[in-house]
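Got your viewer open and a selection box ready? Let's walk through this one stop by stop.

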Amino acid sequence: MNTPTNSILRSTHKLYYKDQYLRSTHTKVVRVNSESVELYSTIAYPEGGGQEADFGSIEFPIGTMRFIWVKKLYGTPIRLDGFKGGTLGGVILHVIHPDDLYFLDQVMEGMNVRVTIDIFRRQRLTLSHTASHFLYAAAISLREELKQWTLGCHIKEDSSRFDFLVEDPLSSDEIVEIERRANVLITCNEVIKHTAVQEVEDARMWTYQGINIPCGGTHLESPLLIGHLKVRRKRLGKAKERLICEFPNAVIDVSRYHECDLR
Ligand SMILES: [Zn+2]
């Protein structure tokens, strides 16, 4: 196996883009930091685009450490239209649980390891992330100007949300209409596509019924597992609105997750 050099140009192999349903894989340690470990390749999805990071564990020959966050650093900006904020390449760090740091000084570069993710958390985040796109698509179909006034999003296991700047507050009827439109999209039950743009691994497009959203997160292939989407609003101040979606009838299906020997 060729391991990356310790230069700024090194980047972690992102196996989650080759197969999003990987539960574990074998790889090697590249670098050990004070609270995190960098691996040659990983199946763990880092925090990005509003989606929270995976949790999981790394089995070393000397013991197992849990990781409680995953973050990507040192990427270079994607220079494609619509991919503002996205980055290419970069190094992925697995942030180790404080209780497991006591033997981090025994971890050496080049050590063989097995990295495993919490697939229930991953699948809940995947479903929540997919639901967020239906919320967003429904919101901007009703109020097109929201697209340019989107402040950000946060995708958690049990809900997802978008914050917007608004000139005119959304009415209660508009919230009902956004929920209706989102559920119409879901019940169409067409195939969701998620593909790399111009063969750039980190520049990915979510596509459904002609709706294209640049996004590098993890997504369902079919919307029906979301069930009925519930939409509510929270006013954050004079000109800020938060739209939140929840999915109380969601089905968390982890049957597709499997082991991997990709390196
Ligand atoms: Zn997405």
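Start by selecting glutamate 241, which is buried, with a relative accessible area of just 1%. Keep in mind as you look that this is a predicted model. Now add arginine 235 to the selection: glutamate 241 forms a salt bridge with arginine 235, and the closest N and O atoms are 3.7 Å apart. While you have charged side chains on show, pick Arg23, Glu59, Arg114 and Glu259 too, since salt bridges that share partners join these four into one network.

How many salt bridges does a search of the whole structure find? The count is 18.

Next, select glutamate 157 and arginine 121. They form a salt bridge as well, with the closest N and O atoms 2.7 Å apart. This pair links distant parts of the chain: glutamate 157 sits in the loop between strand E11 (150-155) and strand E12 (160-165), arginine 121 belongs to helix H2, and 36 residues separate them. Are the two partners buried or exposed? Glutamate 157 has 23% relative accessibility, so it counts as partly exposed. Arginine 121 has 3%, so it counts as buried.

**Zoom out to the domains**

Colour residues 13-119 as domain 1 and residues 122-246 as domain 2. If you place a marker at the C-alpha centre of each domain, the two markers will lie 27 Å apart. Now show the contacts: 26 residues of domain 1 touch 24 residues of domain 2. About 2100 Å² of area is buried between domain 1 and domain 2, and carbon and sulfur atoms give 48% of that.

How many salt bridges are counted between domain 1 and domain 2? The count is 1. Select arginine 122 and aspartate 54 for another salt bridge, where the closest N and O atoms are 2.7 Å apart.

**On to helix H3**

Select residues 172-188 to bring up helix H3, which has 17 residues. Draw a distance from its first C-alpha to its last and you should get 25 Å, close to the 24 Å expected at 1.5 Å a residue.

Which residues of H3 are buried? Highlight Glu174, Ile175, Ile178, Ala182, Asn183, Leu185 and Ile186. To see what these buried residues pack against, switch on helix H2 (119-142), along with strands E14 (200-208), E15 (211-214), E16 (230-237) and E17 (240-246).

Stay on H3 and pick arginine 180 and glutamate 177. Their side chains meet in a salt bridge, at 2.9 Å from N to O. The two residues are 3 apart in helix H3, so about one helical turn separates them. Arginine 180 counts as partly exposed because its relative accessibility is 45%.

Step just past the end of H3 and check the backbone of asparagine 189, which takes a positive phi of about 50°.

**Last stop: a hairpin**

Select strand E13 (residues 193-197) together with E14; the two pair in the antiparallel sense over 5 bridges. Which residue in E14 is the bridge partner of valine 197? Click on valine 200 and you have it. E13 and E14 form a hairpin with 2 residues between them. Click on glutamine 198 in the turn, and you'll find another backbone angle to check: a positive phi of about 50°. If you show side chains along the strands, here's a general rule to keep in mind: in a regular strand they alternate between the two faces of the sheet.

Notes. Residues are numbered from 1 along each chain as its sequence is written. This is a predicted model: local features need pLDDT of at least 70, side-chain atom pairs count only at pLDDT 80 or more; totals for chains, interfaces and linings use all residues. Side-chain values use heavy atoms; hydrogens and water are left out. Helices (H or I, at least four residues) and strands (E, at least two) are DSSP runs, numbered from the N terminus. The expected span of a helix is 1.5 Å times one less than its number of residues. Buried means under 20% relative accessible area, exposed over 50%, partly exposed in between (1.4 Å probe, protein chains only). Contact means heavy atoms within 4.5 Å. Two strands pair if DSSP finds at least two bridges between them. Domain bounds come from an automatic or database domain assignment. Buried area is the accessible area (1.4 Å probe) that two parts lose on being put together, summed over both.
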